[in-house]
Amino acid sequence: MRYLPKSPADRKEMLKAIGARSVDDLFAPIPAEYRLNRDLKIPRQMAESEIIDFFRQRSRENAEGYASFLGAGAYAHYRPVIIDSLISRGEFLTAYTPYQAEISQGTLQSIFEFQTMICELTGMEVANASMYDGSTAAAEAVMMAVRLTGKRSVVVARSLHPEYREVLATYATHQGMPLSIANFSAEGRVNHGELESLVSDQTAAVLIQSPNFFGTIEDIAAIAEIAHKNGALLVVSIAEAVSLGIVEPPREADIIAMEAQSFGVPLGFGGPYCGVIATREKFVRQMPGRLVGQTVDRQGKRGFVLTLATREQHIRREKATSNICTNQALVALMVNIFMNVYGKVGLQELAKQNLAKAVYAAQKLGNHGKVLFAGAPRFNEFVLQTEEDSYAINNRLLGRKVIGGLPLKKFYPELGNAALWCCTELTTRSGIDTAAGLIAESEGIVRSAKEEAEEVAR
Amino acid sequence: MKNTITKATRHVNQNEGLIFEKSSPGKAAWKLPPLDVPEVDPAKLLGASARKDLGNMPEVSEIEIIRHFTRLSTWNYAIDLGMYPLGSCTMKYNPRVNEAVARVEGIANGHPYQPEKISQGALGILKTLSECLIEITGMDAITLQPAAGAHGEMTGLLLVRAYHHSKGRPRKKVLIPDSAHGTNPATAAMVDYAVENLKSDSRGMVDVAALEAQMNEDVAALMLTNPNTLGVFEQQIHKIADILHAKGGLLYMDGANMNALVGKVRPGDFGVDVMHLNLHKTFSTPHGGGGPGSGPVAVKKILEPFLPKPVLITKPDGTLGFEYDRPQSVGRVRAFYGNFGMFVRALAYIQANGPDGLRQTTEDAVLNANYIRKGLEGTYDLPYPTPSMHEVVFSDRLQAKKGVRTMDIAKRLIDYGFHPYTTAFPLIVPGALMIEPTESESKEEMDLFIEAMKAIAAEAQEEPQTVLDAPHSTRVSRLDETAAARKPILRWKPSSEK
């Protein structure tokens, strides 16, 4: 086997040193009746070239070369080449969690820089080293608010990503955390009146997303006021990190739970992504996940270590803030490199291009349907309501190698034939024009079918 | 220092500040293509939500970023450099073909919401991997959704709870051996189970009599790591399973040490009802400085109805798809379908090995651990002489007489060119040295390791201060962790804001 660095003679010699006759002696502690005396029924050993062929074949069975208008928590942004050059260095790729600080300063310093940049972008005072993803970060942030307030009820915006809501519901089930859902208004934002009626002095947290699932930017200050006057904490989920380039961060929030996938992480059919939690300094001891802090060595030289470990499971066991252990370090490194590449000015320009494309698309596609929630500001996503069924439109688009917006019927049946469209800097004008043309075509078909039906009726 | 260090030599490496210290206005590493749609005015469109400023975000050029991270990388130890014997972490070789196939266009860039009919390749990967893992574990069904081992534990206990609930009573507590990893009790707490400690016997295995006494109908499950954190196979596993099952409890296996079993024995065959796997341990996906991981959960038939949704199915027309209508499901534990990129890598690893390679891998892992055990027995105290599987746990009892503790030996090992073993764990061994070489080490590398450990043991006797002051050869000496925790500095600030 090509990954194993031993010759038969080595094995023999080692067995001899151990004093075992055969390797089976070493497995003697396993009761004989359970030992597997046959080969596993899995694919036979394959050559590297065969493995590559296998995955290329799977790749061809997937969408290759499609123009896509899908977003909804997973965004197609350009990934600078140096991200993969750098994360492919074995010293990053094949290192463990930096417990031994003296030989992990590379990982530790890069996490410290990551934490700093997340703070700068979110307007928070501290950020952790990463969480699994945006959905679990949101759930963990809510649990953190429960610990901080000593209260248990949670009010969740219906304009939060539906799958994030599902994850929170799973986490909350056994922690005695009643959830109530605040619907959205005609603007596609949290209905403030409803929120006001749901939030009480029993509420630990209000969880919203901004830009929300519909791409609409929430009125953070107003929502924060409702939460805070009832003694609840405001938790804001950010799923589209690029928005932070031009959208004011939710500074009035108490905890921000972010998905940083947009920053240089491949779509990868949904993962691995990079969650992260940011908050105020005074809340740091209830924050889950790893944290890197600056310190000095015995000579007074600056260095970095994992810190505040007394929050964590390996010290506190059942009293820990979370059971999280492994996080998304290598993905956080991608995010880190991306933030360095674009930096202070580039992120702004990048976000502007996203906004411009979405504005153009909303206008073009809006000619053949209704763009919902037009009353509120939005970033790079919008909801288009059409006469024809969204799946039918998408089937038509697929034939021209275009993946249309995400049909919302499954999540928001009351919106009818609505789909969530997303544009990024990678979306082209011609792609938008093609999509608009194809929707118009189907619109024509719907119209003629309708006319036909009316004719029959006459 | 009398000993010559044969594995490593000091050499110059570059100093490097924080990236913020290199930043200055006007430098850039980005260039966007010209905008092909009309420009917009964000201030007008976003109103009060328009952002004015990005604070202290860096402004640097591309070469500076390359040098920055390349320099930082050289300050890390890694498997690619040498043996990384962190017990329980399974630091094995991360094959590069895994990385290559994870980057194939249609695999790396698939959107999780793209229609199923143009996702058959990705779904096929999920299916093939699921089938392999089910066969390897001897279980009946699997979910790939959990993002890491601890997340898998949570999912597994949610399944346990849902199962008992369906039987009319969710039960109150989970039994956890005192040798268990900290995630086990932390997870039980997240699923609202009380944790009851189960003590180990003199051989480092579950005390079966104690289990018998503690087992009752309030116990939902036993969370057992097998082989356990001492690297010892629970020889009474059949009795353990019987005791649980007799009172309606379930056997949860923490699969962190599955690399000791693959191809040799299947947990499903020895009474396990639910278990998680760590693809980043047993199945070679890279640890990446602390993640991403992936923690699939495999179950017996009785738990299948409760698996997180969506569940992968073959549809009547023969294509693959997700089923969302699962009324008994515990719900979602993560958005989308899990850490797909890790599934690709794990499957590539299984294919590169095949049944014969996986078995040989397990045998070599166990052979290596026993070789190290033999080499260091006598030099270091072996608190539990029970046979070792894939790892061996010594204690610092002999060296502690000179004031040298496990962490000191670990730090000195750095000077000898090795990453330390796991220190001070499991908790049932005071001053533990937990050593897991994995199958990826050659005899030569292990001989160097044994030689280094013996040299350090000699130093501990003859010149303990050398060990106590270690490491001597690193960029930074021992760091002040107490100060870091007392007054946390968790981010950089410009001098004007300090």
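## Helix 7 of chain B

Start with helix 7 of chain B, which covers residues 183–190 and is mostly covered itself: eight of its eight residues are buried. Keep in mind that what you're looking at is a predicted model. The buried residues of the helix are B:Thr183, B:Asn184, B:Pro185, B:Ala186, B:Thr187, B:Ala188, B:Ala189 and B:Met190. Just past the end of helix 7, B:Asp192 takes a positive phi of about 60°.

What do the buried residues of this helix pack against? Within chain B, they pack against helix 6 (149–166) together with strand 2 (173–177), strand 3 (194–198), strand 4 (219–225) and strand 5 (250–255). Chain A joins in too, through its helix 11 (313–316). Helix 7 of chain B lies across strands 2, 3, 4 and 5 of that chain, and runs at about 175° to strand 2 of chain B.

## The sheet under the helix

Those strands belong to something wider. In chain B, seven strands form an open sheet in the order 1-7-6-5-4-2-3, with mixed pairing. Strand 1 (141–143) and strand 3 of chain B stand at the edges; each has a single partner strand, so one side of each is left without a neighbour in the sheet. On average, neighbouring strands here are turned by 25° against each other, direction ignored.

For a closer look at one edge, take strands 2 and 3 of chain B: they pair in the parallel sense, over five bridges. One of the matched pairs is B:Leu175 with B:Glu196, the latter sitting in strand 3 of chain B. As background, strands of a sheet pair through backbone hydrogen bonds, either parallel or antiparallel.

## Chain A at a glance

Over to chain A. Its 458 residues are 60% buried, and its secondary structure comes to 14 helices and 15 strands. Taken along the principal axes, the C-alpha atoms of chain A fill a box of roughly 95 × 55 × 50 Å. If you take the contacts in chain A between residues at least 6 apart in sequence, 73% join residues at least 24 apart.

The domain assignment splits chain A into domain 1 (81–339) and domain 2 (343–457). Their C-alpha centres lie 31 Å apart. The contact between them takes 15 residues from domain 1 of chain A and 20 residues from domain 2 of chain A. On the domain 1 side, the touching residues divide into seven nonpolar, five polar and three charged.

## A covered strand in chain A

Strand 12 of chain A (residues 381–385) is mostly covered, with four of its five residues buried. Which strands does strand 12 of chain A run antiparallel to? One is strand 11 (residues 370–371) of chain A, joined to strand 12 by two bridges. The other is strand 15 (residues 418–422) of chain A, joined to strand 12 by five bridges.

You can pick out individual pairs as well. A:Lys370 stands opposite A:Gln385 in strand 12 of chain A, while A:Val383 stands opposite A:Leu420 in strand 15 of chain A.

## The largest nonpolar core

The largest nonpolar core has 316 residues. Those with the most contacts inside this core are A:Val142, A:Ala205, A:Val206, A:Leu207, A:Val235, A:Val335 and B:Tyr252. Helix 12 (residues 329–366) of chain A gives the most to the core, with 22 residues. Both domains of chain A take part, since the core draws at least three residues from each of domain 1 (81–339) and domain 2 (343–457).

Zoom in on A:Ala205, one of those well-connected residues. Leave aside its neighbours within four places in sequence, and A:Ala205 is in contact with A:Val142, A:Ala145, A:Val146, A:Val154, A:Ala232, A:Leu233 and A:Val235.

## Where the two chains meet

How many residues of each chain are in contact with the other? The count is 171 residues of chain B and 163 residues of chain A. Helix 10 (residues 340–376) of chain B supplies the largest share of chain B's side, 23 residues. By class, that side has 94 nonpolar, 49 polar and 28 charged residues.

## An exposed spot

Finally, here's B:Glu444, which belongs to helix 13 (residues 443–462) of chain B. Is B:Glu444 buried or exposed? B:Glu444 is exposed, because there are 12 other C-beta atoms within 10 Å. From B:Glu444 to B:Ile66 is 378 residues in sequence and 34 Å in space, C-alpha to C-alpha.

How values were computed:
Residues numbered from 1 in each chain as written. Chains lettered and ligands numbered in written order. Predicted model: local features only at pLDDT ≥ 70, side-chain atom pairs only at ≥ 80, totals over all residues. Contact = placed C-beta atoms within 7 Å. Nonpolar A, V, L, I, M, F, W, Y, C, P; charged D, E, K, R; others polar. Buried ≥ 20, exposed ≤ 12 C-beta atoms within 10 Å, placed from the backbone. Domains from an automatic or database assignment. Pairing = 2+ DSSP bridges. Core = buried A, V, L, I, M, F, W, Y, C linked by C-beta atoms within 7 Å. Axes fitted to C-alpha atoms, helices over the stretch in contact; angles between N-to-C directions.
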